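User: Please take one part of this model and go through it closely, then place it against what surrounds it. Plain wording is fine.

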Amino acid sequence: MPTYKNNLEVLIKQDLKQGMGLIDHEQTESFHVWKFRGGSTNIYEENSVYYESNDNQPNKKYLVKVNKQGNQYEIMLVQPTFIVVKDIKSVSGSEYPIMANSIIRLGRVEYRVIEERNKQMQITYAEVKNQESLQQNDINKIYQCRFCFMEGKQSRDQLFLTNICRCVGNSQAVHLECMRYWVDSNITREETQFGLSLKWNKQHECSICKQTLPVRVQYENEYFDLFTLERPQFQYILIENVNKEKNVFGEIYLIHALLQDNIKLGRGLQCDIKVQDITVSRHHATIKLSQDNFVIEDNKSKFGTLVSINKICYLDCISCTLQIGKLLINLIQTDYIHKGAPSTQHKLTQLPQISKQLEEDEPQMDDDSFQLENQ
Ligand SMILES: [Zn+2]
Ligand SMILES: [Zn+2]
């Protein structure tokens with residue numbers, strides 16, 4: 001891992017125009033910008049005003065906590081945060097690895113990596129939600145399958161789905177195998193240059209209560225799919241379209257390491273994974289294998305390609321941008337502070353409470369504190 005620079009510049013940009021939690025990445029100059037430099041700090045937001053403090057403020061929620069650990073900056077986050085793929089500047093370019101649990105956002109369309117087999121052949125499953133975890137509190141209870149009417153007790157070999165929808169009483173339980181047979185009959189499978197696509201022909205929902213069904217359940221420590229899919233015996237990822245739009249049916253893509261070409265995602269006809277949404281560009285992003293990892297790259301898309309990041313991450317790039325709601329937080333690691341860098345003081349006046357806060361703080365010259373430019 002390369003060692004990066006001593007100083008960290010933080011710019012906060014805010015898009016005041018777009019709705020739907022989208023930020024127009026082609027129009028960044030319309031954002032309010034706040035900029036400061038230094039080492040470790042906490043950045044807080046209060047009524048759309050941002051300020052930094054080296055002290056912990058236990059009753060306040062921080063946006064970003066930056067902590068220098070040895071040669072690296074550790075970033076801690078409390079809110080769902082995405083990294084803006086096109087803004088990553090690192091030794092390997094502008095790409096970001098995707099792995100189990102990653103949420104990929106193209107415009108307002110979301111995909112989730114639900115399973116991953118890595119180069120070392122280890123399989124990781126995305127976490128399942130509470131209602132997808134089958135209860136086993138009463139091991140003597142007799143269930144009756146609402147599809148085949150056979151009765152039995154809950155067991156690994158004869159698994160009953162018991163709480164996957166809102167149905168209660170007699171129509172509640174159904175054999176996993178019976179459900180899978182029914183779900184499979186609603187799926188169109190297609191071999192692709194990168195693996196396989198599974199597309200639902202109608203909503204993946206309970207035919208009685210209309211509740212959206214999970215694609216996978218957990219019983220004890222095992223995961224069971226509600227659909228049939230044979231996995232390859234080499235590296236792959238499974239990606240699920242988790243779009244909440246009512247007119248989009250389920251989609252799962254199996255992407256394996258023997259892909260013939262990079263995978264294009266977008267609205268255009270030439271794309272391998274087509275996305276019918278106006279917030280998605282014609283060729284929005286590309287998934288490829290890079291140094292034994294599946295990574296995603298942005299292709300100059302209007303609303304950006306975002307990947308969810310963990311609550312604690314390490315800054316192993318020269319610069320990157322985090323998106324939290326409608327905020328963009330740009331982090332840049334620099335060698336030294338440019339004396340002649342353009343002043344942002346005029347911009348600070350747009351957010352008067354910030355400049356007041358910064359003036360009150362005595363600027364310090366060591367690496368572990370922040371200072372206002374040109375002061
Ligand atoms: Zn059955
Ligand atoms: Zn139901």
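Analyst: Strands here are DSSP runs of at least two residues in state E, numbered from the N terminus, and a loop is named by the elements on either side of it. The model is a predicted one.

The part to start from is strand β4 with the loop that follows. K60 sits in that loop, between β4 and β5 (62-69). Its relative accessible area is 34%, which makes K60 partly exposed, because the partly exposed class runs from 20% to 50%. The C-alpha atom of K60 is 8.7 Å from that of E45, although 15 residues of chain lie between the two positions in numbering.

E45 falls within β3 (residues 41-46), and β3 runs antiparallel to β4, joined to it by five bridges. One of the bridge pairs is I43 with E52 of β4. Strands of a sheet are held together through backbone hydrogen bonds, in a parallel or an antiparallel sense.

β4 itself spans residues 49-53, and five of its five residues are buried, so the rest of the structure largely encloses the strand. Side chains in a regular strand point alternately to one face of the sheet and the other. In β4 both faces are covered: V49, Y51 and S53 are buried on one side, and Y50 and E52 on the other. E52, the bridge partner of I43, is therefore buried under the 20% limit.

What surrounds this part? Consider the metal sites. The zinc ion (ligand 1) takes its protein donors from C145 (SG), C148 (SG), H175 (ND1) and C178 (SG), at 2.1 to 2.3 Å. The angles among these four donor atoms are 97 to 118°, and the site is tetrahedral. Along the chain the donor residues follow the spacing C-x2-C-x26-H-x2-C. Two of these cysteines fall in separate accessibility classes: C145 is buried, at 1% relative accessibility, whereas C148, at 32%, is partly exposed.

The zinc ion (ligand 2) has four cysteine sulfurs as protein donors, the SG atoms of C165, C167, C206 and C209, at 2.2 to 2.4 Å. Angles of 106 to 114° among the donor atoms make this arrangement tetrahedral, and the sequence spacing is C-x1-C-x38-C-x2-C. C167 belongs to the loop between β14 (160-161) and β15 (174-175), and C206 to the loop between β17 (195-200) and β18 (216-219), so the pair ties together parts that are 39 residues apart in sequence. Both C167 and C206 are buried.

K210 also lies in the loop between β17 and β18. K210 is partly exposed, at 47% relative accessibility, and has a positive phi of about 65° without being a glycine. Most residues other than glycine have a negative phi.

Next is an open sheet of five strands with mixed pairing, in the order β8-β25-β24-β22-β23. β8 (95-97) and β23 (273-274) are its edge strands, each with a single partner, so one side of each has no neighbour in the sheet. Inside the order, β22 (residues 263-266) pairs with β24 (residues 285-290) in the antiparallel sense over three bridges; one bridge joins L265 to A285. Between β24 and β25 the chain passes through a loop that holds Q291. Q291 is exposed, with a relative accessible area of 71%, and its phi is positive, near 50°, although the residue is not a glycine.

Finally, the empty space. The largest pocket has a volume of about 1200 Å³. It is lined by 43 residues, of which Y96, M99, S308, I309 and N310 are the closest to its centre. Strands that each supply at least two lining residues include β8 and β25, both members of the five-stranded sheet. By class, the lining holds 26 nonpolar, eleven polar and six charged residues.

There are also two cavities of 30 Å³ or more. The second largest cavity has a volume of about 40 Å³. Its lining consists of I104, Y111, I239, Y253, L265, I273 and I287, giving seven nonpolar, no polar and no charged residues. L265, which pairs with A285 of β24, is thus one of the residues facing this cavity, because an atom of a lining residue lies within 4 Å of a cavity point.

How values were computed: Residues are numbered from 1 along each chain as its sequence is written. Chains are lettered from A and ligands numbered from 1 in the order in which they are written. This is a predicted model: local features need pLDDT of at least 70, side-chain atom pairs count only at pLDDT 80 or more; totals for chains, interfaces and linings use all residues. Side-chain values use heavy atoms; hydrogens and water are left out. Two strands pair if DSSP finds at least two bridges between them. Helices (H or I, at least four residues) and strands (E, at least two) are DSSP runs, numbered from the N terminus. Donors are N, O and S atoms within 2.8 Å of the metal (3.2 Å for Na, K and Ca); water is not among the atoms, so sites may look incomplete. Four donors count as tetrahedral if all angles lie between 85 and 135 degrees; four count as square planar and six as octahedral if opposite donors are over 155 degrees apart and all others between 65 and 115; anything else is irregular. Buried means under 20% relative accessible area, exposed over 50%, partly exposed in between (1.4 Å probe, protein chains only). On a 1 Å grid over the protein atoms alone, a cavity is a set of points where a 1.4 Å probe fits but cannot get out, and a pocket is an open set with protein on both sides within 12 Å along at least five of seven lines; lining residues have an atom within 4 Å of a point. Grid points are joined across faces, edges and corners, and a volume is the space filled by probe spheres set on the points. Ala, Val, Leu, Ile, Met, Phe, Trp, Tyr, Cys and Pro count as nonpolar, Asp, Glu, Lys and Arg as charged, and the others, Gly among them, as polar.
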